[in-house]
Amino acid sequence: MSSIERAMEHGGQQVQAKPQPKINEPPASPAVPPASPNVDFPDEVCHLNLEFLERQGYLTPKLARSQLAEEYRMIKRPLLINAFGRGAAPVERGNLIMVTSALPGEGKTFTSMNLAMSMAMERDNTVLLVDSDVVKPTLTRMLGLDSRQGLIDALLDPQMDLADIIVKPDLPNLRILPAGRTHAHSTELLASTQMRNMATELAERYPDRVVIFDAPPLLATSEASVVARLAGQIMVVVEEGRTPQQAVLDALAQLDNQKVIGMILNKDRRILSNDYYGGYYGSYGQQ
Ligand SMILES: Nc1ncnc2c1ncn2[C@@H]1O[C@H](COP(=O)(O)OP(=O)(O)O)[C@@H](O)[C@H]1O
Ligand SMILES: [Mg+2]
């Protein structure tokens, strides 16, 4: 029995006779010990708990005709044009997209997951969602992938084949690379040659694939600006009514203005309070 199934049993959930690992059912109680890293998993397809995601307000295939889905269509369109060189000017590593913000809690994980879901749902391309917020891997935890090997393990072991650790959910076109084990020197690992090589491999080995990095906040960590150097396109999430203007300016100042930089205004309360419209505005352009 895998540690995920054990965690589910502890949480009082039913384990099927022929269990399929659930990938986003977090342990129900803090009494459940965190699953240990470095567990080897066979080449399996994982069940993506879409009801759970929907309850958290995320985009799922059931919401394909919703306002939220429409907003993500608008946000992803220019990203996809740049990713595959269909824009006016070619964008180097345009298929590597980083989602960041100035501060924690502004909606980076929410945005990354929804963008990936939108692209996978509409089969634009294969999408690889990478949890590069290795210090606070919310995405990995939300999807119940704590026990999986991931980005940090791959950086520590150059022999490791990424294909062996990338998670395949039961949603065609979506792949997930969890954060992996925690490590005291994660910044150095993200800044390493190995990380640059991995980014190059991801950009070139799968030219028809979009890679979305759910990244740390720019002003609270040094990891974020390191990841920013690797990506061709950067989306900066700004929380409406909360992120101070100076914080946004300071965050933008950390980015290379030769890159394609987009801004997303998130959690607009005036909009969230109206049912007819969701919580996102996307604006986009070269700085
Ligand atoms: N547009 C939104 N509508 C509703 N909830 C949101 C929205 N954006 C973020 N959230 C919620 O706010 C919290 C923080 O978002 P998260 O994406 O984890 O932030 P970050 O990754 O920037 O730290 C989460 O509980 C998330 O589900
Ligand atoms: Mg996050």
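Is Gly85 buried, partly exposed or exposed, and how many other C-beta atoms lie within 10 Å? In this predicted model, Gly85 is partly exposed, with 13 other C-beta atoms within 10 Å. A residue counts as buried at 20 or more such atoms and as exposed at 12 or fewer, so the value of 13 falls in between. Gly85 lies in the loop that runs between α3 (67–83) and β2 (96–101). Leaving out residues up to four places away in sequence, Gly85 touches Pro90 and Gly94. The C-alpha atoms of Gly85 and Asn95 are 9.1 Å apart, with a separation of 10 residues in sequence.

**Overall composition**

The protein has 12 helices and nine strands. Of its 287 residues, 44% are buried. Among contacts between residues at least 6 apart in sequence, 74% join residues at least 24 apart.

**The parallel strands**

Strand β2 follows the loop that holds Gly85. Six of the six residues of β2 are buried, so the strand is largely enclosed by the rest of the structure. Leu96, Met98 and Thr100 point one way from β2, whereas Ile97, Val99 and Ser101 point the other way, and all are buried. Strand β3 (residues 126–131) has five of its six residues buried, so the rest of the structure largely encloses this strand as well. In strand β7 (residues 233–239), six of the seven residues are buried.

The pairings of these strands are listed below, each with a bridge partner pair.

| Strand pair | Sense | Bridges | Partner pair |
|---|---|---|---|
| β3 and β5 (residues 174–177) | parallel | four | Leu129 and Ile176 |
| β3 and β6 (residues 209–214) | parallel | six | Leu128 and Val211 |
| β2 and β6 | parallel | four | Ile97 and Ile212 |
| β2 and β7 | parallel | five | Met98 and Ile234 |
| β7 and β8 (residues 260–266) | parallel | seven | Gln233 and Val260 |

Strand β2 thus pairs with β6 and with β7. Strand β6 in turn pairs with β3, and β3 pairs with β5. On the other side of this account, β7 pairs with β8. A further partner pair between β2 and β7 is Val99, which stands opposite Met235. Strand β7, helix α11 (residues 245–253) and β8 form a right-handed β-α-β unit.

**Helix α4 and the nonpolar core**

In soluble globular proteins, nonpolar side chains tend to be buried together. The largest nonpolar core of this model has 71 residues. Those with the most contacts inside this core are Ile97, Ala116, Ile212, Phe213 and Val227. Helix α4 (residues 108–121) supplies the largest share of the core, eight residues.

All of helix α4 is covered: 14 of its 14 residues are buried, so the helix is largely enclosed by the rest of the structure. The distance from its first C-alpha to its last is 20 Å, close to the 20 Å expected at 1.5 Å a residue. Just after α4, Arg123 takes a positive phi of about 50°.

Ile212 illustrates how the strands and the helix meet. Its contacts, apart from neighbours within four places in sequence, are Ile97, Val99, Ser112, Leu115, Ala116, Val127, Leu129 and Val130. One of these, Ile97, is also the bridge partner of Ile212.

**Helix α9**

Helix α9 (residues 193–205) has 13 residues, which should span 18 Å at 1.5 Å a residue; the C-alpha atoms at its ends are 17 Å apart, in agreement with that expectation. Its residues Met195, Met198, Ala199, Leu202 and Ala203 are buried. These five cover an arc of only 130° around the axis, which puts them on the same side of α9. The face turned away from this buried side carries the exposed residues Thr193, Asn197, Glu201, Glu204 and Arg205.

Which elements are included in the cover over the buried residues of α9? Among them are the strands β2, β3 and β6, together with the helices α6 (151–156), α8 (186–190) and α10 (223–230). Two of these strands, β2 and β6, pair with each other over four bridges.

Note on methods. Residues numbered from 1 in each chain as written. Chains lettered and ligands numbered in written order. Predicted model: local features only at pLDDT ≥ 70, side-chain atom pairs only at ≥ 80, totals over all residues. Helix = DSSP H or I, 4+ residues; strand = E, 2+ residues; numbered from the N terminus. Pairing = 2+ DSSP bridges. Contact = placed C-beta atoms within 7 Å. Expected span 1.5 Å × (residues − 1). Arc of directions from axis to C-beta. Right-handed = clockwise from strand over helix to strand, strands pointing away. Core = buried A, V, L, I, M, F, W, Y, C linked by C-beta atoms within 7 Å.
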